[in-house]
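Me: I have not looked at this structure before. Could you take me through it one topic at a time?

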Amino acid sequence: MVLNNFALIAGISPQEVQDWFHTAFIDGYDWVMQANVIGMGQYADGGMMASKPYAASANYINKMSDYCKRCTYSPRSRTGETACPFNLMYWDFLARHYEKLKNNHRMSQILRNLERIPAEELAQIRKGAAQWRNEHLHSEHPLPSTPTEHGSSDPTPQSVS
Ligand code: SF4
């Protein structure tokens with residue numbers, strides 16, 4: 001869940017994620033990977049397996065595990081030095097795909113939370129996400145919606161409301 005979630009919100013190519021799972025896990029069979037990674041994890045099957053993308057911020061990881069207790073990052077921060085990368089990517093993901101997700105009623109509450117973030121703070125979050133991505137991701141085959149090394153596919157910091 002943690003790996004799939006981060007790949008989803010960071011905007012990594014779903015096919016590359018599936019290829020990685022294939023090579024990393026001995027039980028990474030095709031029939032498992034396509035449903036669990038492409039469908040459930042990456043929401044890259046057109047919504048056949050899941051009715052919404054299973055995207056989560058650090059809040060979820062903090063609730064479900066004790067990982068955050070010893071972490072350098074803060075699961076509560078989304079800007080600044082200690083901003084957790086899961087938070088940066090999560091809000092950036094929602095902003096990046098706002099137009100695609102706004103008609104999905106299961107995303108309404110989540111998108112309302114996004115709309116409440118002040119434009120300046122959202123711009124900071126998105127800048128942090130682009131910086132983190134630039135420093136860590138190198139994809140040879142990015143999908144059209146995959147953020148590029150120059151920032152997100154929509155580089156204009158903006159309010160979504
Ligand atoms: S605070 Fe650390 S352990 Fe918790 S979700 Fe963020 S990176 Fe992971």
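Me: How many helices and strands are there in the protein?
Reply: The protein has eight helices and zero strands. Please keep in mind that this is a predicted model. Along the sequence, the pattern reads α-α-α-α-α-α-α-α.

Me: What share of the residues is buried?
Reply: Of the 161 residues in the protein, 30% are buried.

Me: And the contacts: what share joins residues at least 24 apart?
Reply: That share is 59%, counted among contacts between residues at least 6 apart in sequence.

Me: Let us turn to the core. How many residues are in the largest nonpolar core, and which have the most contacts inside it?
Reply: The largest nonpolar core holds 27 residues, and I9, M89, Y90 and W91 have the most contacts inside it. Two or more residues of this core come from each of α1 (2-10), α2 (14-24), α4 (58-64), α5 and α8 (119-136).

Me: Which of these gives the most?
Reply: Helix α5 does, with eight residues in this core.

Me: You listed W91. What is it in contact with, leaving aside neighbours within four places in sequence?
Reply: With those neighbours left aside, W91 is in contact with R78, L114, I117, L122 and I125.

Me: L114 belongs to α7, I believe. How do α5 and α7 lie, parallel or perpendicular?
Reply: The axes of α5 (residues 85-96) and α7 (residues 108-116) come within 10 Å and cross at roughly 105°. The two helices are therefore roughly perpendicular to each other.

Me: Which residues meet there?
Reply: From α5 there are W91, L94 and A95, which meet I110, L111 and L114 in α7. By class, this contact has six nonpolar residues, with no polar and no charged ones.

Me: A new topic: the ligand. Which residues are around it?
Reply: The ligand is surrounded by A58, I61, N62, Y67, C68, C71, Y73, P75, C84, P85 and F86. By class, 10 of the shell residues are nonpolar, one is polar and none is charged.

Me: Which helices supply at least two residues of that shell?
Reply: Both α4 and α5 do. Helix α4 gives the most to the shell, with three residues.

Me: Now the loop between α3 and α4. Where is P53, and is it buried or exposed?
Reply: P53 is located in the loop between α3 (30-41) and α4. P53 counts as buried because 24 other C-beta atoms are within 10 Å, and 20 or more is the requirement.

Me: What does P53 contact, beyond neighbours within four places in sequence?
Reply: Beyond those neighbours, P53 is in contact with L8 and Y43. Its C-alpha atom is also 9.2 Å from that of N5, although P53 and N5 are 48 residues apart along the chain.

Me: Where is Y43, and what is its phi?
Reply: Y43 is found in the loop between α3 and α4. Y43 has a positive phi of about 50°, although it is not a glycine. Most residues other than glycine have a negative phi. Y43 counts as buried, with 22 C-beta neighbours inside 10 Å.

Me: One last residue: where is G39, and what is it in contact with?
Reply: G39 is in helix α3. Leaving aside neighbours within four places in sequence, G39 is in contact with Q34, D45, M48, M49 and A50. G39 and M49 are 10 residues apart in sequence, and their C-alpha atoms are 5.3 Å apart in space. With 18 C-beta neighbours inside 10 Å, G39 counts as partly exposed.

Notes
Residues are numbered from 1 along each chain as its sequence is written. This is a predicted model: local features need pLDDT of at least 70, side-chain atom pairs count only at pLDDT 80 or more; totals for chains, interfaces and linings use all residues. Axes are lines fitted to C-alpha atoms, for helices over the stretch in contact, and angles run from 0 to 180 degrees between N-to-C directions. Helices (H or I, at least four residues) and strands (E, at least two) are DSSP runs, numbered from the N terminus. Angles under 35 degrees count as roughly parallel, over 145 as roughly antiparallel, 65 to 115 as roughly perpendicular and the rest as oblique. Two residues are in contact if their C-beta atoms, placed from the backbone, lie within 7 Å. Ala, Val, Leu, Ile, Met, Phe, Trp, Tyr, Cys and Pro count as nonpolar, Asp, Glu, Lys and Arg as charged, and the others, Gly among them, as polar. A nonpolar core is a set of buried Ala, Val, Leu, Ile, Met, Phe, Trp, Tyr and Cys residues joined through C-beta atoms within 7 Å. A residue is buried if 20 or more other C-beta atoms lie within 10 Å of its own, exposed if 12 or fewer, and partly exposed in between; C-beta atoms are placed from the backbone. A residue is near a molecule or strand if its C-beta atom, placed from the backbone, lies within 6 Å of it.
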